[in-house]
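Subject: Structure for your review

Dear colleague,

Please find below the structure that I am handing over to you. My findings are set out after it.

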Amino acid sequence: MKQGKLITMDEFTIQETRKFPQATGELSSLLRDIGLAGKIINKQVLKAGLVDILGKHGATNVQGEEQMKLDVYANETLINILKNSSDCAGIASEENDDHVCFEDTFSANSKYVVLFDPLDGSSNIDVNAPIGTIFSIYRRVSELGKPCTMQDFLQPGNRLMAAGYIIYGSSTMMVYATKVSVNGFTLEPSIGEFCLSHANIKVPENGKIYSLNQGNTLKYSDGMRAYLDYCMEINKEEGRPYSHRYIGSMVADLHRTLIKGGIFIYPADKSSPKGKLRLQYECNPMSFIVEAAGGKGSTGEGNILDVEPTELHQRVPIFIGSKNMVAKALSFLYPVTA
Ligand code: AHM
Ligand code: MG
């Protein structure tokens with residue numbers, strides 16, 4: 001990258017698309033639409049401490065959790081923008097019970113569907129900690145020209161065309177992955193554009209940070225507890241004990257893991273036998289990004305991206321990050337087969 005020359009996300013995406021003569025530009029324009037939604041949501045997030053937008057909205061989402069106003073705002077913003085886009089046949093959102101098909105002629109002829117968690121980590125809004133939007137783009141499997149179907153949204157992560165997140169943090173960034181590479185773009189507020197700041201991101205193979213809700217230790221399996229003991233043991237050769245960092249906002253914890261290396265875990269435990277995080281809205285897109293950057297994402301029993309989804313809001317355990325750290329963690333959980 002030349003010093004002083006800003007490359008906007010649109011410029012970058014168009015340059016990348018030109019490498020594939022068969023590409024129609026629809027995926028690029030969908031990424032631009034999602035970026036636009038991110039900028040609009042960002043404006044509202046920045047004002048969250050000032051205006052009376054904080055607080056419970058009263059409704060509960062499909063997981064029985066209370067929604068906050070910004071969740072609703074982010075959800076509606078994404079749906080409206082994607083509905084008006086000519087490149088999206090329909091959406092599924094963590095905040096909606098069912099998928100939504102856009103039935104106008106343009107949408108019915110679109111190749112792609114988008115899944116998203118509009119505002120992940122929303123319990124952090126009150127304390128001004130980073131939150132984020134996570135998205136996934138699949139090529140639909142239903143017939144073009146007709147409304148999309150549930151099968152379009154129940155595809156495994158290994159069929160993703162692109163996935164990414166927007167982190168509303170100390171700066172606002174959009175990171176997206178295709179099968180080819182992972183790139184990060186920081187929002188330049190004075191021109192309102194995401195500009196390339198983190199080209200060709202690679203997750204370090206090893207790391208020194210483990211990230212999980214350690215308060216749940218008593219509910220973890222023996223293997224998980226043995227792994228935590230390992231993380232906390234002094235071992236100068238291996239650079240242990242590791243540091244523990246947990247923001248409780250997956251986008252923020254994963255963003256750090258992507259850049260610095262480490263492992264993020266939300267395992268199954270006694271009260272959540274399938275884990276907490278959602279396959280289609282959180283685990284698949286994050287695994288796609290991390291694997292495209294050279295890392296690993298596992299349920300503990302297999303690759304996250306190979307899980308065949310059976311329902312929109314299904315949950316899976318997740319072990320994700322630097323590939324050697326993930327392999328080590330799994331060796332404690334499944335010592336015979338791992
Ligand atoms: P959300 O989608 O309702 O915001 O919940 C997901 C969040 C993740 O961002 C985070 O990793 C996790 O829940 C934290 O859960 P816990 O408080 O149980 O550690
Ligand atoms: Mg979430």
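The notes that follow cover the domains, the metal site, the salt bridges and one helix.

Please bear in mind throughout that this is a predicted model.

Domains

The domain assignment divides the chain into domain 1, covering 9–198, and domain 2, covering 209–333. Their C-alpha centres are separated by 23 Å. On the side of domain 1, 45 residues take part in contacts, and they meet 30 residues of domain 2. Between the two domains an area of about 2,800 Å² is buried, and carbon and sulfur atoms account for 65% of that area. The rule finds one salt bridge across this interface.

Metal site

Which residues coordinate the magnesium ion (ligand 2)? The donors are Asp117 (OD), Asp120 (OD) and Glu282 (OE), at distances of 1.9 to 2.1 Å. Along the sequence, the spacing of these donor residues reads D-x2-D-x161-E. Asp117 belongs to strand β5 (residues 112–120) and Glu282 to helix α8 (residues 279–292), so this pair ties together parts that lie 165 residues apart in sequence.

Are these two donors buried or exposed? Asp117 has a relative accessibility of 0% and therefore counts as buried. Glu282, at 1%, also counts as buried.

Salt bridges

Side chains of opposite charge can pair when their charged atoms come close. By the rule applied here, the count comes to twelve salt bridges. Those described below are among them.

Glu282, already named as a donor to the magnesium ion (ligand 2), also forms a salt bridge with Arg278, where the closest N and O atoms are 3.5 Å apart. Arg278 in turn meets the side chain of Glu94 in a salt bridge of 3.8 Å, N to O. Glu94, Arg278 and Glu282 are thus joined in a network of salt bridges. Arg278 is buried, because its relative accessible area of 3% falls under the 20% limit.

Two further pairs may be of use to you. Glu16 and Lys19 form a salt bridge through their side chains at 2.8 Å, N to O. The partners differ in accessibility: Glu16 is buried, with a relative accessible area of 18%, whereas Lys19 counts as exposed at 54%. Where 20% is the limit for a buried residue and 50% the limit for an exposed one, these two values fall on opposite sides of the range in between.

The side chains of Lys296 and Glu291 also meet in a salt bridge, at 3.9 Å, N to O. Here Lys296 counts as partly exposed at 33% relative accessibility. Glu291 is likewise partly exposed, with a relative accessible area of 24%.

Helix α2

How does the span of helix α2 agree with its number of residues? Helix α2 covers residues 26–46, and at 1.5 Å a residue its 21 residues should span 30 Å. The C-alpha atoms at its ends are 30 Å apart, which agrees with that value. Of the 21 residues of α2, 15 are buried, so the helix is largely enclosed by the rest of the structure.

In summary, I would draw your attention to Glu282, which coordinates the magnesium ion (ligand 2) and is linked with Glu94 and Arg278 in a network of salt bridges.

With kind regards

Notes: Residues are numbered from 1 along each chain as its sequence is written. Chains are lettered from A and ligands numbered from 1 in the order in which they are written. This is a predicted model: local features need pLDDT of at least 70, side-chain atom pairs count only at pLDDT 80 or more; totals for chains, interfaces and linings use all residues. Side-chain values use heavy atoms; hydrogens and water are left out. Helices (H or I, at least four residues) and strands (E, at least two) are DSSP runs, numbered from the N terminus. The expected span of a helix is 1.5 Å times one less than its number of residues. Buried means under 20% relative accessible area, exposed over 50%, partly exposed in between (1.4 Å probe, protein chains only). Donors are N, O and S atoms within 2.8 Å of the metal (3.2 Å for Na, K and Ca); water is not among the atoms, so sites may look incomplete. Domain bounds come from an automatic or database domain assignment. Contact means heavy atoms within 4.5 Å. Buried area is the accessible area (1.4 Å probe) that two parts lose on being put together, summed over both. A salt bridge is a side-chain nitrogen of Lys or Arg within 4 Å of a carboxyl oxygen of Asp or Glu.
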